Amino acid sequence: VEPESEAVVRDAAKLIQHELKQYRETGVNDTQDALARIAFDCLVTKLRGERQVQRLQQMVFDKITQLDQVVT
């Protein structure tokens, strides 16, 4: 791991351990199944974030377009 990424990697490992513990508490005892669920949850969260960023970028673009029309 690159030194500048070490803190992020450590945080990710802690989050994975926490999520594994949560899944085990809900009855998911198979580690591979729990890790697959964690990966799926992470991907869903990532996609939601990307879509939110896209919506915000579109809003900013629309506002800039409106301001440009007012100015010209």
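**Leucine 20 and the helical pair**

Leucine 20 is in contact with Thr31, Ala34, Leu35 and Ile38, when residues up to four places away in sequence are left out of the count. The model in which these contacts occur is a predicted one. Leucine 20 itself belongs to helix α1. With a relative accessible area of 6%, leucine 20 falls under the 20% limit and is therefore classed as buried.

The setting of these contacts is given by the secondary structure of the chain, which consists of two helices and zero strands. Helix α1 covers residues 6-25, and helix α2 covers residues 31-71. The C-alpha trace extends over about 65 × 35 × 15 Å along its principal axes. The radius of gyration of the chain is 20 Å, whereas a compact globule of 72 residues would have a value near 11 Å. Among the 72 residues, 7% count as buried. The exposed surface of the chain amounts to about 6,500 Å², of which 59% is supplied by carbon and sulfur atoms.

The largest nonpolar core contains five residues in all, namely Leu20, Tyr23, Val28, Ala34 and Ile38. At least two residues of this core come from α1, and at least two come from α2. In soluble globular proteins, nonpolar side chains tend to be buried together.

Isoleucine 38, a further member of this core, is located in helix α2. Its relative accessible area is 6%, a value under the 20% limit, so isoleucine 38 also counts as buried. Once residues up to four places away in sequence are set aside, isoleucine 38 touches Ile16, Glu19, Leu20 and Tyr23. The pair formed by isoleucine 38 and leucine 20 is separated by 18 residues in sequence, and the distance between their C-alpha atoms is 7.8 Å. The contact between these two residues appears in the list for leucine 20 and again in the list for isoleucine 38.

Residues outside the core were also examined. Arginine 48 is part of helix α2. The relative accessibility of arginine 48 is 60%, which is over the 50% limit, and the residue is therefore classed as exposed. From arginine 48 to leucine 20 the C-alpha distance is 22 Å, with their positions 28 residues apart along the chain. Glutamate 4 and arginine 48 are 44 residues apart in sequence, and their C-alpha atoms lie 26 Å apart in space.

Aspartate 11 is placed in helix α1. Its relative accessible area of 44% lies between the limits of 20% and 50%, so aspartate 11 counts as partly exposed. Aspartate 11 and threonine 65 are 54 residues apart along the chain, and a distance of 40 Å separates their C-alpha atoms.

With respect to charge, the chain carries 10 positive and 12 negative side chains. The centres of the two sets are 5 Å apart.

Key:
Residues numbered from 1 in each chain as written. Predicted model: local features only at pLDDT ≥ 70, side-chain atom pairs only at ≥ 80, totals over all residues. Heavy atoms only, no water. Helix = DSSP H or I, 4+ residues; strand = E, 2+ residues; numbered from the N terminus. Rg over C-alpha atoms; globule rule 2.2 N^0.38 Å. Buried < 20%, exposed > 50% of the residue type's maximum accessible area, 1.4 Å probe, protein only. Areas by Shrake-Rupley, 256 points an atom, 1.4 Å probe, with all protein chains shown as cover. Lys, Arg positive; Asp, Glu negative; His and termini not counted. Charge placed at Lys NZ, Arg CZ, Asp CG, Glu CD. Core = buried A, V, L, I, M, F, W, Y, C linked by side-chain atoms within 4.5 Å. Contact = heavy atoms within 4.5 Å.
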